[in-house]
Amino acid sequence: VLCVNAPEDIQDELCLAMAQLCQPRAMDISGLALEQPELDVTNLYYEILADRPELKYAYSIQVTVEGSLLNCSLSYMPYKTGEYPADFQGAEVRDLGQLISLADDNLGSGSVPLRITDPSLEPDEMNKALQQSGGGYFSCTLNQDATAIVFAPPLGMDAGDCLQALEEADKLADSLISQLISPDMGQEEKARALYSWLCSNVEYDQRYYSDRASMPYESQTALGALRDGTAICGGYSHALKLLFEKAGIPCFNVTGIYYGENHMWNIAQIDGRWLWFDATSDRGSDGQFGYLRFALEYLDEDKYQWDDSIVQALTGSGGSGEYT
């Protein structure tokens, strides 16, 4: 039994157990004045997860107190321990790319079981990667113990509505590709043709600022950009990702802050180099005098802020901001 004299002692023991994927020792809390021990210790556990999100694989805690003896039981995601049930069936996922592909292939199914085979992957990292799936229509997240991806449509829509919208956007993108792209074009030429079309043909939906309640949901998606010619940053970004990927250009959405406002833009691989694209900022330009946010090696960090760790994880890049 471990004698503890301060809440920090309990946190230290919990952290040690979580890092070692084991159960905390029983603790003697007679030297502590805890008004609601079960609640207080649970709150200490949540403080750990807030400070060290990489430990979120310890996804729940059960706290019991008998007299002065505190017992804590942690539940671990089985991908970290390897302790899947003997009869568990799930698609094997070894990296973020496979995770995204599994989500893309099962949109609208409610959930899909998976067996993550790389214990170094972090829960937050995987959930952020899953934001690349769904086209703005489906929310894709891991379930509590990371044994399944769960899909949820936005409020007021069902899975059928979302799949229909994604299919329509897909067909519109195919049509544009057939008009704008030819087999003899290089990646940079393809990217410029698609980016130019988007900047020239899609207007910003000003209702986002003037009358957000009347702005259609599609303005946040590729469908708003490709069908309606009206979008906000999410629509531009989802459309560019869809078009680039159909043209054989790897592309991801990036969420962050631009001039103090929430924003979405893209990073794409052109001829082996990861470069930045922000079609929203270049909207209205025909490119005659060049684009300000096309295929940039670096972004101005005084204007843009983003979670660089997830971008590096998705692109397999090295140091901060260096993707080329």
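Helix 7 (residues 187–201) carries both E188 and R192, set four residues apart, or about one turn of the helix. In this predicted model, the two side chains meet in a salt bridge, with an N to O distance of 3.0 Å. Both ends of the pair sit partly out in the open: E188 counts as partly exposed at 33% relative accessibility, and R192 is partly exposed too, at 35%.

A different sort of link shows up with R273 and E297, whose side chains form a salt bridge at 2.5 Å, N to O. Here distant parts of the chain are joined, as R273 belongs to strand 13 (residues 273–277) and E297 to the loop between strand 13 and strand 14 (304–306), 24 residues apart. R273 is partly exposed, with 33% relative accessibility, and E297 is partly exposed at 34%.

D95 and R94 also pair up through their side chains, at 3.9 Å from N to O. D95 is partly exposed at 30% relative accessibility, while R94 is exposed, at 52% relative accessible area. Then there is a network of salt bridges tying together E168, R227 and D228. Searching the whole structure turns up 14 salt bridges.

Disulfides are another story: the structure has zero of them. For C3, the closest cysteine sulfur is that of C72, and at 15 Å it is simply too far away for a bond. C199 is likewise in no disulfide, its nearest cysteine sulfur being that of C251, 13 Å away. As for their surroundings, C3 is exposed, with a relative accessible area of 55%, whereas C199 is buried, at 1%.

Terms used
Residues are numbered from 1 along each chain as its sequence is written. This is a predicted model: local features need pLDDT of at least 70, side-chain atom pairs count only at pLDDT 80 or more; totals for chains, interfaces and linings use all residues. Side-chain values use heavy atoms; hydrogens and water are left out. A disulfide is a pair of cysteine sulfur atoms within 2.5 Å. Buried means under 20% relative accessible area, exposed over 50%, partly exposed in between (1.4 Å probe, protein chains only). A salt bridge is a side-chain nitrogen of Lys or Arg within 4 Å of a carboxyl oxygen of Asp or Glu. Helices (H or I, at least four residues) and strands (E, at least two) are DSSP runs, numbered from the N terminus.
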